[in-house]
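Hello,

Here is the structure we talked about handing over. Please open it and keep it in view while reading the notes that follow.

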Amino acid sequence: MTEPSLEIAQIGNPVLRQTAEWIDRPQDRAYQILIADLLQTMTQSAGVGIAATQVGVAKQLVIVASRPTLRYPNAPQISPIPMFNPQLVEHSDETEKGWEGCLSVPGIRGLVPRYKSVTVEYQDRDGQTQQLILHDFVARVFQHEYDHLQGIVFVDRVENTTELMSELEYQRQILGIVPNP
Ligand code: ZN
């Protein structure tokens with residue numbers, strides 16, 4: 001029997017525009033439960049990342065994950081990484097545009113420029129400081145989730161509204177898995 005997922009805030013909900021608060025004690029039981037709930041919600045929605053703000057908790061916790069899905073067939077497989085109080089400490093000069101979507105913006109895809117690699121610092125679920133260098137798709141997922149903690153949604157970063165697409169057109173034009181009418 002599967003636990004019910006948490007409700008995901010959708011664009012227009014003010015919580016998505018809040019700046020998330022620092023978390024003093026990641027090791028507290030309440031946050032261990034929140035991690036489990038976020039993982040469940042993300043997995044059931046076929047997401048590759050999630051931020052606490054998306055379930056109405058304006059605190060600095062994100063999960064960065066990546067696995068091949070229908071929407072991201074070329075995504076690498078990694079174990080989900082819960083990150084408390086994440087900071088972007090360094091980034092490549094080089095940026096790259098790639099298609100993104102968001103559980104909080106259903107049915108819409110957009111081309112978003114992101115740094116190709118980033119160095120991030122965060123606390124893990126035991127409160128230990130960690131540093132990681134992320135590249136390409138995983139770096140993109142991090143930047144997307146990190147934005148959520150500042151109240152930024154990916155559509156804010158699309159350079160031109162002509163670079164927005166419906167999910168159907170994305171599957172048709174970019175993935176080539178839906179036949180033309
Ligand atoms: Zn999102």
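Strands 4, 5 and 8 make up an open sheet, arranged in the order 4-5-8 with antiparallel pairing. Strand 4 and strand 8 (164-166) are the edge strands, each pairing on one side only. On average, and ignoring direction, neighbouring strands of this sheet are turned by 25° against each other. Please bear in mind that this is a predicted model.

Within the sheet, seven bridges join strand 4 to strand 5 (residues 105-115), again in the antiparallel sense. To find a place where the two strands face each other, look for E100, which stands opposite G110 in strand 5.

Two helices go with these strands. Helix 3 (residues 167-174) packs on the sheet and touches strand 4, strand 5 and strand 8. The direction of helix 3 makes about 100° with that of strand 8. Helix 2 lies across strand 4 and strand 5, and runs at about 60° to strand 4.

Next, the metal site. Which protein atoms are the donors of the zinc ion? They are SG of C102, NE2 of H144 and NE2 of H148, and they lie 2.1 to 2.2 Å from the ion. The spacing of these donor residues in sequence is C-x41-H-x3-H. C102 belongs to strand 4 (residues 95-102) and H144 to helix 2 (residues 136-149), so this pair ties together parts that are 42 residues apart in sequence.

Are C102 and H144 buried or exposed? A residue counts as buried when its relative accessible area is under 20%. C102 has 8% relative accessibility and therefore counts as buried. H144 is buried as well, because its relative accessible area is 7%.

The last part concerns helix 1. This helix has 16 residues (residues 29-44), so at 1.5 Å a residue it should span 22 Å. Its end C-alpha atoms are 23 Å apart, which agrees. The buried residues of helix 1 are Y31, L34, I35, L38, T41 and M42. Seen down the helix axis, these buried residues fall within an arc of 135°, which means that they line one face of helix 1. What covers them includes strand 1 (49-51), strand 2 (61-66) and strand 3 (78-91). Just after helix 1 comes A46, which takes a positive phi of about 60°.

That is what I have for now.

Regards

How values were computed: Residues are numbered from 1 along each chain as its sequence is written. This is a predicted model: local features need pLDDT of at least 70, side-chain atom pairs count only at pLDDT 80 or more; totals for chains, interfaces and linings use all residues. Side-chain values use heavy atoms; hydrogens and water are left out. Helices (H or I, at least four residues) and strands (E, at least two) are DSSP runs, numbered from the N terminus. The expected span of a helix is 1.5 Å times one less than its number of residues. Buried means under 20% relative accessible area, exposed over 50%, partly exposed in between (1.4 Å probe, protein chains only). The arc is that of the directions from the helix axis to the C-beta atoms. Contact means heavy atoms within 4.5 Å. Donors are N, O and S atoms within 2.8 Å of the metal (3.2 Å for Na, K and Ca); water is not among the atoms, so sites may look incomplete. Two strands pair if DSSP finds at least two bridges between them. Axes are lines fitted to C-alpha atoms, for helices over the stretch in contact, and angles run from 0 to 180 degrees between N-to-C directions.
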